[in-house]
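Dear colleague,

Here is the structure I promised to hand over, and below it I have set out what turned up when I went through it. Please read the notes with the sequence and the coordinates open beside you.

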Amino acid sequence: MSRQKPRLARIADALGVSTATVSNALSGKGRVSPELVERIRATAAELGYVPSVAGRALRTGRSGVLGLVLADISNPLFPKLAQAIENSAAKAGYGILIADSHGDVTAQTQAIERLIERGVDGMIVVPRRGTWVTGASCPVAVIDSPSTPGNTVAADHWTGGQGLGRHLASLGHKHVLLLGNSTTSNVQGDRLGGVKAGLGNANVETIWIEKLEAKAGPGCSLGLEEAVARGVTAVAAISDLVALRALTELQRAGIAVPEDVSVTGFDDLIWSSVVTPGLTTMRMDVATIADIAIAAVLDAINQPQSTGSRGSDGDTVTASQPKVPMELVVRQSTGPVKISASLTDNKEANLTVGELIQ
């Protein structure tokens, strides 16, 4: 015979209290002394009591589940963020349903609608670049960039970029190539804008890979060998993925990193420390970002009338700390500029690569 599932009544009988007291202690409601709450929870654990999610939903009108919409789960950064969000939600007693928009605006809208249909109490959205979220019927935390309309919390991408720029400037780099993917991304715009600011008066070229590939085809050469020949001494990539592409192209051309040219990335992905050379990059504090996003959503759920929990953009929630600092991680892919390279700096490189290929 299977063991009978423990119920609130068994816990109450074991302690000589009412089932209402047990329920209040386990749910955090009502007036129950801290000492009794501790005894009730300890007894519940001993008896293997597991609260019924369905029952709680019927009593409270809440599912105990939050939705998470990612822009593209194939990007190695997003599983890392998803894990941090799931951990933060679990600490608060919530589960997570994950949806992937595959970088498509329509798919993003459909993913949000599906999660709402499944009764999530709130939602965290990492939007497709260039979009924002409004009009959802539940509290929504947006994780994108501080410059994004309705953003809740994000890494301080601009200041992070500035730190990378200053790092390269401190090594003597005065001719730097920036590698971005898309001009429509607020995150990328902030990162590269920060790098430019940190570089000061250096000559700066910019390649937008989407534009280049639209003309030359996917996976085409980035023209880094030619850039180094023009006097470029450092390549600052928008992400570790793009930095890896740059490292590969440079190494195939026989260009040594960092002896001939330095390379930097963003995000500090799991493999960034084990590639050769190890990649200098800017690390996101995903755990803190996740904690702030979850706390902001739960605050809006628990205090729906709070004027401080919701922003002006529909159901987008606000946070007391909207920017989370990034951390510079210096590895072997950056080094001092060669004296000979700095003396042969090509003054014609004031033109961006985008202008050169038009």
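**Where to be cautious**

Over residues 307–314 the pLDDT stays under 50, and for this stretch the model has 21 contacts beyond four places in sequence. Residues 341–358 also have a pLDDT below 50, and the model gives them 28 contacts beyond near neighbours in sequence. This is a predicted model, and where pLDDT is low, the predicted coordinates should not be read in detail. For the protein chain as a whole the pLDDT averages 85, with 84% of the residues scoring at least 70.

**The chain as a whole**

The protein chain is made up of 358 residues, of which 48% count as buried, and its secondary structure comprises 14 helices and twelve strands. If one takes the contacts between residues at least 6 apart in sequence, 71% of them join residues at least 24 apart. The chain exposes about 17300 Å², and carbon and sulfur atoms supply 52% of that area.

**The nonpolar cores**

In soluble globular proteins, nonpolar side chains tend to be buried together. In this model the largest nonpolar core has 72 residues, and the members that touch the most others are L66, I124 and L179. Helix α12, which spans residues 286–302, gives the most to this core, contributing eleven residues. Leaving aside neighbours within four places in sequence, L179 is in contact with a set of residues that includes L192, I207, L222 and V235, and also A236, A237, I238, V242 and A246. Another core, of 13 residues, lies apart from the largest one, and A99, A111, L115 and A136 are among its members.

**Cysteines**

A disulfide is a covalent bond between the sulfur atoms of two cysteines, and a search of the whole structure finds zero of them. Two cysteines that you may want to look at are C138, which is buried at a relative accessible area of 6%, and C220, which counts as buried at 11% relative accessibility.

**Polar contacts of two buried residues**

S88 is found in helix α5, residues 77–91, and because its relative accessibility is 7%, it counts as buried. Its side chain is joined to that of D291 by a polar contact of 2.9 Å. Apart from neighbours within four places in sequence, S88 is in contact with A290, D291 and I294.

H175 is found in strand β6, residues 175–180, and with a relative accessibility of 1% it counts as buried. A polar contact of 3.0 Å joins the side chain of H175 to that of E205.

**Two partly exposed residues**

L26, in helix α2 (residues 19–27), is partly exposed, because its relative accessible area is 29% and the buried class ends at 20%. Beyond its neighbours within four places in sequence, L26 is in contact with L8, I40, R41, A44 and Y49. The C-alpha atoms of L26 and V37, which are eleven residues apart along the chain, are separated by 7.4 Å.

E259 is found in the loop between α11 (240–252) and β9 (262–264), where it counts as partly exposed at 46% relative accessibility. Although E259 and P336 are 77 residues apart along the chain, their C-alpha atoms are separated by 7.9 Å.

**Backbone details**

Most residues other than glycine have a negative phi, and most peptide bonds are trans. Against that background, four places in the backbone may be worth a look.

- V257 and P258 are joined by a cis peptide bond, with omega about 10°, and P258 is found in the loop between α11 and β9.
- The peptide bond from T276 to P277 is cis as well, with omega near -5°; P277 has its place in the loop between β9 and β10 (281–283).
- H102 has a positive phi, near 55°; this residue is in the loop between β2 (95–100) and α6 (105–117) and counts as exposed at 60% relative accessibility.
- D268 also has a positive phi, near 50°; D268 is found in the loop between β9 and β10 and, at 9% relative accessibility, counts as buried.

With best wishes

Technical notes: Residues are numbered from 1 along each chain as its sequence is written. This is a predicted model: local features need pLDDT of at least 70, side-chain atom pairs count only at pLDDT 80 or more; totals for chains, interfaces and linings use all residues. Side-chain values use heavy atoms; hydrogens and water are left out. Helices (H or I, at least four residues) and strands (E, at least two) are DSSP runs, numbered from the N terminus. Buried means under 20% relative accessible area, exposed over 50%, partly exposed in between (1.4 Å probe, protein chains only). Contact means heavy atoms within 4.5 Å. Accessible areas come from the Shrake-Rupley method with a 1.4 Å probe; for residues, only the protein chains shown count as cover. pLDDT is the predictor's confidence in each residue, from 0 to 100. A nonpolar core is a set of buried Ala, Val, Leu, Ile, Met, Phe, Trp, Tyr and Cys residues joined through side-chain atoms within 4.5 Å. A disulfide is a pair of cysteine sulfur atoms within 2.5 Å. A polar contact is a pair of N or O atoms within 3.5 Å; within protein, one must be able to donate a hydrogen and the other to accept it, and residues adjacent in sequence count only if both atoms are side-chain atoms.
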